[in-house]
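The following exercises treat the pockets, helices and backbone of one protein model. Each task is followed by a worked solution.

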Amino acid sequence: MSQNNSEQFAQQLSELRLGIDELDSQLIELMARRAELTCQVGELKAKTGMPIYVPEREAEMLEARKQQAEALGVSSSLIEDLLRRIMRESYHLQNNRYRCVNPGIKRIVIIGGAGALGKVFVGLFERSGYNVDILEKDDWEHADEMFAAASLVLVSVPINLTVDVIAALKRLPADCILADITSIKDKPLSAMMQAHSGPVVGLHPMFGPDAPGMIKQVVVVCHGREPAQYNWLLNQMETWGASLIEVSAEEHDKAMAFIQVMRHFNTFLYGAHLAGENPDLVQLTNLSSPIYRLELAMVGRLFAQSPTLYADIIFNNPDNFALLKRFHRRFGEALKVLDSGDKAEFIRQFNEIGDWFGDYAKTCLVDSKRLLLKADDDQMLRT
């Protein structure tokens with residue numbers, strides 16, 4: 001290539017890059033304008049009582065923009081990913097203030113409100129205009145005074161303390177709602193029913209304290225007593241953007257044995273095995289594809305958190321030990337197939353398990369591909 005041609009191509013490339021830079025700048029300006037409108041939408045929703053998250057509106061908007069993208073020759077998947085990320089930020093911009101569903105509530109007392117998850121609820125209630133008191137272990141001398149004016153007492157303490165704390169709540173107003181947000185439900189709900197003759201409800205927010213709020217988050221509801229009296233609380237959480245799932249306390253705890261206990265214990269063992277084998281983590285992540293980096297990240301994430309929390313979840317219910325022992329037995333049976341070199345039996349079991357998962361397995365394959373593309377952005381999950 002001649003020097004003149006090289007200079008010409010360099011000039012053309014520079015002009016094209018300037019054009020891209022200009023468009024990127026315009027995109028940022030458009031996003032700033034969109035953020036302003038989003039804040040105005042949030043203010044209007046707070047006044048009218050509309051929930052922050054409206055699934056139907058989101059789905060309609062995404063479908064319309066995807067069709068527009070396809071008509072212009074732009075990847076609809078790209079537009080969907082982009083808009084979902086923008087909307088997630090928009091929801092956070094809208095959560096500065098929420099409608100107060102029940103202005104007649106005198107005061108809310110959150111036991112453990114200075115804790116990580118307790119702070120989330122304190123912030124949500126305060127941004128909805130409620131008066132909130134925080135009760136910690138050093139404040140119990142003022143507990144009776146706080147409870148006397150309370151319309152809702154919410155227990156947010158470690159699992160191993162929950163039942164004992166609830167048992168100590170003997171002087172609540174008759175119409176006061178007693179609720180908890182513990183990750184187990186049967187024992188706390190029974191304790192609340194015994195400690196208080198008024199409205200009782202068990203709640204389990206299926207998110208951690210690092211969540212910015214309740215938008216698109218699941219909250220499990222286990223009804224106790226007088227649901228009409230605490231219906232406003234459920235409506236308030238829906239206003240915050242939560243999706244409420246109603247099950248019995250027994251059903252909840254059985255499901256959590258698989259969702260939490262089994263997964264956490266399995267992750268603990270995976271981490272223990274890695275630590276025992278002592279591989280080079282940097283090399284592992286560098287050699288891994290996004291899905292394996294994601295799996296490794298979930299293991300590492302566990303050990304960056306409170307060991308007491310996970311010990312309480314795993315050790316709380318001895319009934320769950322039988323499930324873990326059955327898992328151990330099946331692991332041993334799978335090793336026997338491996339030792340025997342029976343690939344045909346492995347494939348037979350693989351297909352049998354795949355039939356049990358059914359169409360859900362195909363859904364997981366499609367959705368995980370989208371997730372893994374995001375996981376590889378900016379070399380995510382590398383050490």
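A pocket is an open set of points on a 1 Å grid over the protein atoms alone, where a 1.4 Å probe fits, with protein on both sides within 12 Å along at least five of seven lines; lining residues have an atom within 4 Å of a point. Grid points are joined across faces, edges and corners, and a volume is the space filled by probe spheres set on the points. The model is predicted, and local features need pLDDT of at least 70, side-chain atom pairs count only at pLDDT 80 or more, while totals for chains, interfaces and linings use all residues. Residues are numbered from 1 along each chain as its sequence is written, and side-chain values use heavy atoms, with hydrogens and water left out.

**Exercise 1. State the volume of the largest pocket and describe its lining.**

Step 1. The largest pocket holds about 1,700 Å³ of space.

Step 2. It is lined by 47 residues, and G208, P209, Q305, L309 and Y310 are the closest to its centre.

Step 3. Assign the lining to secondary structure, where helices (H or I, at least four residues) and strands (E, at least two) are DSSP runs numbered from the N terminus. At least two lining residues come from each of α4 (116-127), α6 (159-167), β5 (200-205), α9 (249-277), α11 (290-302) and α12 (307-315). The greatest contribution, seven residues, is that of α9.

Step 4. Sort the lining by class: Ala, Val, Leu, Ile, Met, Phe, Trp, Tyr, Cys and Pro count as nonpolar, Asp, Glu, Lys and Arg as charged, and the others, Gly among them, as polar. For the largest pocket this gives 25 nonpolar, 15 polar and seven charged residues.

**Exercise 2. Carry out the analysis for the second largest pocket.**

Step 1. The space in the second largest pocket is about 1,300 Å³.

Step 2. Its lining comprises 29 residues, with F327, R330, F331, A334 and I353 nearest the centre.

Step 3. The helices α9, α13 (319-340) and α14 (343-357) each provide at least two residues of this lining. The largest share, twelve residues, belongs to α13.

Step 4. By class, the second largest pocket is lined by 17 nonpolar, five polar and seven charged residues.

**Exercise 3. Which residues of α9 are buried, and where is its kink centred?**

Step 1. Test the length, taking the expected span of a helix as 1.5 Å times one less than its number of residues. The 29 residues of α9 should therefore span 42 Å, and the end C-alpha atoms, 40 Å apart, agree with this.

Step 2. Locate the bend, which is the angle between axes fitted to the seven residues ending at a residue and the seven starting there. A kink of about 45° in α9 is centred on M256.

Step 3. Apply the burial classes: buried means under 20% relative accessible area, exposed over 50%, and partly exposed in between (1.4 Å probe, protein chains only). The buried residues of α9 are A249, H252, D253, M256, A257, Q260, V261, H264, T267, G271 and L274. M256 has a relative accessible area of 8%, so it counts as buried.

Step 4. Place M256 relative to a residue distant in sequence. M256 and S183, 73 residues apart in sequence, have C-alpha atoms 8.1 Å apart.

**Exercise 4. Test the length of α11 and list its buried residues.**

Step 1. With 13 residues at 1.5 Å a residue, α11 should span 18 Å; the end C-alpha atoms are 19 Å apart, which agrees.

Step 2. R293, L296, V299 and L302 are the buried residues of α11.

**Exercise 5. Give the position and accessibility of K216 and N278, and the sign of phi in each.**

Step 1. K216 lies in the loop between β5 and β6 (218-225). Its phi is positive, near 65°. At 39% relative accessibility, K216 is partly exposed.

Step 2. N278 is in the loop between α9 and α10 (281-287), and takes a positive phi of about 60° just after α9. With a relative accessible area of 62%, N278 is exposed.

**Exercise 6. Describe the whole protein and its annotated domain.**

Step 1. The protein has 15 helices and seven strands. Its C-alpha atoms fill a box of roughly 90 × 65 × 40 Å along the principal axes. Of its 383 residues, 34% count as buried.

Step 2. An unreviewed UniProt entry carries the annotation "domain: Prephenate/arogenate dehydrogenase" for residues 106-368. UniProt positions are given in the numbering used here, feature names are shortened, and annotations may be inferred rather than shown by experiment.

Step 3. Residues 106-368 are 59% helix and 13% strand, with end C-alpha atoms 46 Å apart.
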